[in-house]
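Biologist: I should be grateful for a close look at one part of this model, the largest pocket. What is its volume, and which residues line it?

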Amino acid sequence: MLVRRNILGLVVTAAFAATTLVAQQAAPPAPARAGDGAKLTVPYTMFTLANGLTVILHEDHSVPQVAVNVWYHAGSGREKPGRTGFAHLFEHLMFEGSGHVKEGEFDTLLEAAGGTNNGSTTEDRTNYYETLPSNALDLALFLESDRMGYLLDVVTPKLVDGQRDVVKNERRQSYENAPYGMANVRITELLFPKDHPYHWPVIGYMEDLTAATHEDVQDFFRKYYAPGNASLVIAGDITVADARRKVEHWFGDVKAGAPVEPLSAPTAELTSVIKETLTDRVQLPRLYLAWLSPGLYRPGDAELDVLSGVLANGKNSRLYKRLVYDLELAQNVSASQNSSQLGSFYSIVVTARPSQTPPDQVLARIKTVIDEELNKLRTAAPEVREVERVINGVEASFFGDMERISTKADRLNAYFTATGNPDYFGEDLARYQALQPNDIQAAVRRWLPADRRLELSVIPAGGK
């Protein structure tokens with residue numbers, strides 16, 4: 001058993017010293033790109049501790065930094081009706097101290113060592129990450145292992161109540177009192193059945209947050225925050241042997257938990273057009289069109305990503321050009337494939353320009369133009385130049401992410417979680433590079449039917 005508090009002093013001293021060091025590092029070889037004749041690959045070492053924690057290590061000596069990235073394979077989809085919001089609540093609780101880290105020390109220690117940190121929650125996972133000087137790796141591993149193994153030592157009813165109020169205020173600010181905020185909540189409620197893991201919002205419902213007990217919170221942590229339901233990525237200026245030794249040292253005393261059953265979901269299906277209108281304290285009406293679409297990395301997922309660029313990315317994209325420039329009906333346009341593991345939804349969102357025309361008539365005209373453009377794509381494939389423009393942008397973003405150890409670490413974790421293969425970089429990029437215009441046309445026909453979708457309108461309070 002580690003004497004964690006005594007060791008912390010040595011860790012902090014080393015971390016502070018790391019901020020004064022300047023290392024001369026050799027840059028890694030450039031990743032193979034399309035046309036190089038070699039498959040894009042990111043080397044890694046993966047192993048599992050006795051307590052079930054999966055560890056993925058990647059060496060990148062381009063800068064004297066290291067990224068530590070932990071994914072707990074539990075997002076809001078692991079919650080149950082009547083007890084929503086737990087995953088996001090834990091994102092807050094995890095920064096409030098742990099058994100050997102006082103409240104407020106987590107951020108203070110990392111910032112003093114020159115590091116940054118944050119976390120986020122989705123339907124599928126909750127992640128926590130730090131980027132810091134490589135000589136301060138022990139500090140990050142101490143902090144992450146301590147909250148994984150000893151968080152419940154400090155999670156009192158008072159702490160739960162305090163962070164519950166913080167999350168409630170965040171819901172008010174980001175949803176209930178934000179312009180168009182409740183539309184995002186309503187979309188998933190209308191697309192997915194009530195017992196589907198994606199039906200409720202990630203942040204949860206107010207009444208569920210209120211009803212959550214201290215015991216509920218403890219049970220959620222014990223079940224889903226066990227090392228066997230997590231994966232740890234360390235990427236950057238490390239050696240595999242040294243990093244492995246450090247991981248075994250800091251995480252070896254974290255107790256294993258019970259196995260977590262795979263997440264399943266009932267079938268989500270639209271059989272008709274669903275129409276709904278919300279009134280909100282906004283100045284401009286907005287139209288949301290949404291369809292159920294394929295899950296992450298499944299056939300059609302990449303095609304719809306590229307379609308989003310063809311429709312709404314850039315001034316020359318089809319919907320942007322027609323609605324914003326030619327017809328001057330819209331102030332902005334967006335389109336996106338909102339990918340998740342158990343299923344996704346595709347959305348087109350258009351905010352109207354100020355007009356004397358009644359809001360419902362403006363949105364009806366916008367919807368007509370959208371349907372005209374989608375029908376054009378059903379009839380004829382987009383031009384080669386349109387597809388190439390979008391794919392070029394995907395490639396640029398992809399390689400830009402690979403140049404930063406923080407985003408590369410997160411991709412390693414994401415690929416492992418979704419596919420079991422941390423080095424899915426080449427396969428991911430290839431699914432875009434292989435696309436042809438007729439693939440985009442086929443995706444529109446298959447996934448965006450005009451007679452099976454959600455049509456959600458948001459109009460200003462008092463509008464007609």
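Modeller: The model is a predicted one. Its largest pocket has a volume of about 730 Å³. Lining this pocket are 32 residues, and W71, L296, Y297, S339 and A414 are those nearest its centre. Four elements each give two or more residues to the lining: the strand β10 (344-352) and the helices α13 (384-402), α14 (405-419) and α15 (425-433). Of these, α14 supplies the largest share, six residues.

The nonpolar cores may be described next. The largest nonpolar core has 54 residues, and F90, L141, Y225, L232, I234 and F251 have the most contacts inside it. Helix α4 (residues 137-150) provides the largest share of this core, seven residues. Leaving aside residues up to four places away in sequence, Y225 touches Y72, A87, F90, M94, T126, Y128, M148 and F220. There is also a second, separate core of 40 residues, which includes L323, V369, Y432 and I459.

F251, listed above for its contacts in the largest core, belongs to helix α9 (residues 240-251). With 12 residues at 1.5 Å a residue, α9 should span 16 Å, and its end C-alpha atoms are indeed 16 Å apart, so the two values agree. The buried residues of α9 are A243, K246, V247, W250 and F251. Seen down the helix axis, the buried residues of α9 fall within an arc of 100 degrees, and therefore they line one face of the helix. In general, an α-helix has 3.6 residues a turn, so residues three or four places apart point the same way.

Technical notes: Residues numbered from 1 in each chain as written. Predicted model: local features only at pLDDT ≥ 70, side-chain atom pairs only at ≥ 80, totals over all residues. Heavy atoms only, no water. Core = buried A, V, L, I, M, F, W, Y, C linked by side-chain atoms within 4.5 Å. Buried < 20%, exposed > 50% of the residue type's maximum accessible area, 1.4 Å probe, protein only. Contact = heavy atoms within 4.5 Å. Expected span 1.5 Å × (residues − 1). Arc of directions from axis to C-beta. 1 Å grid on protein atoms, 1.4 Å probe; cavity = no way out; pocket = protein on both sides within 12 Å on 5 of 7 lines; lining within 4 Å. Points joined across faces, edges and corners; volume = space filled by probe spheres on them.
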